[in-house]
Amino acid sequence: MASPNSPALERYKNAITAASSVVGAAMVLRRLVADVLPDTALGALFLLPPASVRRHSVVIKEYDGAFYNRVFVAAKAYVSTLLAASPVPLMKASVPRGAGTEKITLAMRPGTAVVDVFDGAELTWRLISHGGRRGGADDASEVFKLSFDGRHKDMVLGAYLPAVMARVAAMSQGQRQARLYCNEWGKWRPVRLRNASTFATLAMDATLRKAVMDDLDMFLGRKEYYERTGRAWKRGYLIHGPPGTGKSSLVAAISDHLRFDVYDLDLGGVRSNTELRKLLIRMKNRSILLIEDVDCAMVAAPRREADGGHDGSSTSPKQKVTLSGLLNMVDGLWSSSGHERILIFTTNHMDRVEPALLRPGRMDMHVHMGYLGFGAFRELAANYHGVVDDGHPLFPEIEALLREVEVAPADVAEKLLMTDDADAAVEMVAKLLRDRKAGAEDDAGGSVRQKLHVGPRYARPAPSPLPRASRRGGVVAVRRVGSSEEIGMDTSRRQQRGSGRRGRGVVVLDGGRGRR
Ligand SMILES: Nc1ncnc2c1ncn2[C@@H]1O[C@H](COP(=O)(O)OP(=O)(O)OP(=O)(O)O)[C@@H](O)[C@H]1O
């Protein structure tokens, strides 16, 4: 071992000192030169390739703050189209939730890359996965890194990325089917939209249908108006009427007409205002925020808590979201964080709806879905059995009975669906109406209701002390069917009478028979 003063150790120390001085001097020199020399000259001086040919990257994060990054969504869809023709050895195949099994989508696994060629330039897409700040599954996110030769930077930013966005927009426009999302544990989950109602299949008063469709079209076409007046580009509809009259079906028809996705918000499943805020700002533009059965879904406002509520039920202390909180968020943050948004509330009981919702200017349009009229019955008979002939022997009797008997379209639709034989189906409807008129309807014969939403959902409040005639008829029993998410069904008993009270200061459309 060398002694502390040996010549060898001394030489070694001197060499280290000299090397550090050279490195230090080089760094100072590089800094000085960087201030006065252009990047290319700097690169040449230090034997680096010029910046224009160095690799450049664009990082595309899944979230932009609290918002979904639309560029990320587009990148994901675009990359999946590259994968089929690429030599990437390992990729993921899945069927997106809410899509049919024929729609297999390929996706990259984190850490893998795929190369695209655009305008003669090679561009590499790499997917990187991040565990998130707190490392929990909730915080996990992914990032796309698009890298390319520096000299293609202008082309990538000015032509390639816009082309990717346009291609994805065109793809989704072509095959676009409106989707339904439900909130679960603070996130939107896509589910299959089974209620495929359209304005063509929905039996309703013709004038009402036209008024709603005109209003929707006017809303879509008024971008310039909303911009000029500085108003949020949104519209609110309150759809009310007895069970089984087609409120959910109307929402599905609106979604189909506009090609807007539906976000079915289960307020009972929202744990806090913060969670609600996140859900709202994560909604896409051109979408519908739906709150079904708003009279049941809302926490009693302070006034209702004080007087024990209309229905005598107590408010769950776990429910922290209030109607006024929701409406404030909708008016503020939701309206300013997106555009072309529609807000829809449905209720079977207008008399139990918070007055805040009925205030002038709150909902732009009230739509009443009423019991079946003869015109709507003819539409159902034509849709289900192609019976277009007014001369069907039973039609006059059915027309007369419908003037006397209140029946929900759902109950009649159910009868029409029971057989393929048109005459037998019409006879079944006539019998239903006769029995109902005579008060002899078989209590076991209920209708099958299809809700837009899936479970798990909030528990219904305790039975109402209101007179039986004004109670909701069906028992909501939304459940999972099999292993996949399915739309909940509830088999409801005999039709009960709903009550309808007109809201003031809004467009009120009445599609019922005016016998409330
Ligand atoms: N107006 C209608 N036209 C055609 N079918 C209808 C109509 N109303 C109801 N139906 C049929 O009845 C089923 C249940 O209707 P829907 O769920 O839309 O009624 P709803 O008013 O929302 O009921 P609820 O108040 O119980 O939620 C629909 O899937 C559809 O098959």
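Trainee: Which residue follows H7, and what is the sign of its phi?

Mentor: Arg259 comes after H7, and the phi of Arg259 is positive, near 60°. A helix is a DSSP run of H or I with at least four residues, a strand is a run of E with at least two, and both are numbered from the N terminus. This is a predicted model, in which local features need pLDDT of at least 70 and side-chain atom pairs count only at pLDDT 80 or more, while totals for chains, interfaces and linings use all residues. Residues are numbered from 1 along each chain as its sequence is written.

Trainee: How do you know what span helix H7 should have, and how far apart are its end C-alpha atoms?

Mentor: The expected span is 1.5 Å times one less than the number of residues, so the 12 residues of H7 (residues 247–258) should span 16 Å, and the end C-alpha atoms, 17 Å apart, agree with that.

Trainee: What makes a residue of H7 buried or exposed, and how many of its 12 residues are buried?

Mentor: A residue is buried if 20 or more other C-beta atoms, placed from the backbone, lie within 10 Å of its own, exposed if 12 or fewer do, and partly exposed in between. On that criterion 10 of the 12 residues of H7 are buried, and H7 is therefore mostly covered; among the buried ones are Leu250, Val251 and Ile254. Across the chain, buried residues make up 31% of the 516 residues.

Trainee: Is Ala400 in helix H14 buried or exposed, and why?

Mentor: Neither: Ala400, in helix H14 (residues 395–404), has 13 other C-beta atoms within 10 Å, so Ala400 is partly exposed.

Trainee: What makes a set of residues a nonpolar core, and how many residues has the largest?

Mentor: Such a core is a set of buried Ala, Val, Leu, Ile, Met, Phe, Trp, Tyr and Cys residues joined through C-beta atoms within 7 Å. The largest has 69 residues, and those with the most contacts inside it are Tyr263, Ile288, Leu290 and Ile344. Apart from this core lies another, of 16 residues, including Ile60 and Val114.

Trainee: Which residues does Tyr263 touch?

Mentor: Contact requires C-beta atoms, placed from the backbone, within 7 Å; leaving out residues up to four places away in sequence, Tyr263 touches Tyr181, Trp188, Met283, Ser287, Ile288, Leu289 and Leu290.

Notes: Contact = placed C-beta atoms within 7 Å.
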